[in-house]
Amino acid sequence: QVQLVESGGGLVQSGGSLRLSCAASGFIFSNYVMNWYRQAPGKERELVASISVGDFTNYADSVKGRFTISRDNAKKTVYLQMNSLKPEDTAVYYCNVRRLVEYWGQGTQVTVSS
């Protein structure tokens, strides 16, 4: 079965950095677009970044220039490097893949203090 397990969240001061990881299993990782979403309290879940099979990347305007998504197909892992973090980046971050249905990880909390 498909499993997505996020890690790397935590508490960081404004301007700091974190790297999130998402370990995938149960499907041919290299064949799929991988996504990072986030959901802040009281807000809808939003797409943060995507990476295609050919390593093309796409970012939400709010994170462009600060976040970098990457993948390691040998390790079946997708990463989100987050730099210059702001308090408004505080959210639960989720890994996502769409096959016939969507699959989500359990999420990892990122808290940025001002």
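Phe29 counts as buried because its relative accessibility is 2%, where buried means under 20% relative accessible area, exposed means over 50%, and partly exposed lies in between, with a 1.4 Å probe and protein chains only. The residue belongs to the loop between strand 3 and strand 4, the strands being DSSP runs of E with at least two residues, and helices runs of H or I with at least four, numbered from the N terminus. The model is a predicted one, in which local features need pLDDT of at least 70 and side-chain atom pairs count only at pLDDT 80 or more, while totals for chains, interfaces and linings use all residues. Residues are numbered from 1 along each chain as its sequence is written, and side-chain values use heavy atoms, with hydrogens and water left out.

Leaving out residues up to four places away in sequence, Phe29 touches Ala24, Met34, Arg71, Asp72, Asn73, Lys76, Thr77 and Val78, a contact being heavy atoms within 4.5 Å. With Arg71, Phe29 has a sequence separation of 42 residues and a C-alpha to C-alpha distance of 9.7 Å.

**The nonpolar core**

Met34, one of the residues that Phe29 touches, is also among the members of the largest nonpolar core that touch the most other members, together with Trp36, Val78, Leu80, Met82 and Tyr93. This core holds 30 residues, and by definition a nonpolar core is a set of buried Ala, Val, Leu, Ile, Met, Phe, Trp, Tyr and Cys residues joined through side-chain atoms within 4.5 Å. At least two residues of the core come from each of strand 3 (18–25), strand 4 (34–39), strand 5 (46–51), strand 7 (67–72), strand 8 (77–82), strand 9 (91–98) and strand 11 (108–113). In soluble globular proteins, nonpolar side chains tend to be buried together.

Beyond four places in sequence, Met34 has contacts with Leu4, Phe27, Phe29, Ala49, Ser50, Ile51, Ile69, Arg71, Val78, Cys95, Asn96 and Val97. Leu80, situated in strand 8, counts as buried because its relative accessibility is 0%. The contacts of Leu80, again without residues up to four places away, are Leu18, Arg19, Leu20, Trp36, Val48, Ala49, Phe67, Thr68, Ile69 and Tyr93. Among them, Arg19 is 61 residues from Leu80 in sequence and 5.6 Å from it in space, C-alpha to C-alpha.

**Thr68 and Ala91**

Thr68, a contact of Leu80, is placed in strand 7 and counts as partly exposed at 42% relative accessibility. Apart from residues up to four places away in sequence, Thr68 touches Tyr59, Tyr79, Leu80 and Gln81. The C-alpha atoms of Thr68 and Phe56, which are twelve residues apart along the chain, are separated by 11 Å.

Ala91 is located in strand 9 and counts as buried at 2% relative accessibility. Outside its neighbours within four places in sequence, Ala91 is in contact with Arg38, Gln39, Ala40, Thr108, Gln109 and Val110. For Ala91 and Arg38, 53 residues apart along the chain, the C-alpha separation is 5.9 Å.

**Backbone exceptions**

Most residues other than glycine have a negative phi, and most peptide bonds are trans. Two residues of this chain that are not glycine are listed below with a positive phi.

| Residue | Phi | Location | Relative accessible area |
|---|---|---|---|
| Asp55 | about 70 degrees | loop between strand 5 and strand 6 (57–59) | 46%, partly exposed |
| Ser84 | about 50 degrees | loop between strand 8 and strand 9 | 41%, partly exposed |

**The chain as a whole**

The chain has eleven strands and zero helices. For 114 residues a compact globule would have a radius of gyration near 13 Å, and the chain, at 13 Å, agrees with this; the radius is taken over C-alpha atoms, and the globule rule is 2.2 Å times the number of residues to the power 0.38. The C-alpha trace spans about 40 × 25 × 20 Å along its principal axes.

Of the 114 residues, 42% count as buried, and of the contacts with a separation of 6 or more, 53% are between residues 24 or more positions apart. The accessible surface comes to about 6100 Å², with 49% belonging to carbon and sulfur atoms, as given by the Shrake-Rupley method with a 1.4 Å probe, where for residues only the protein chains shown count as cover.
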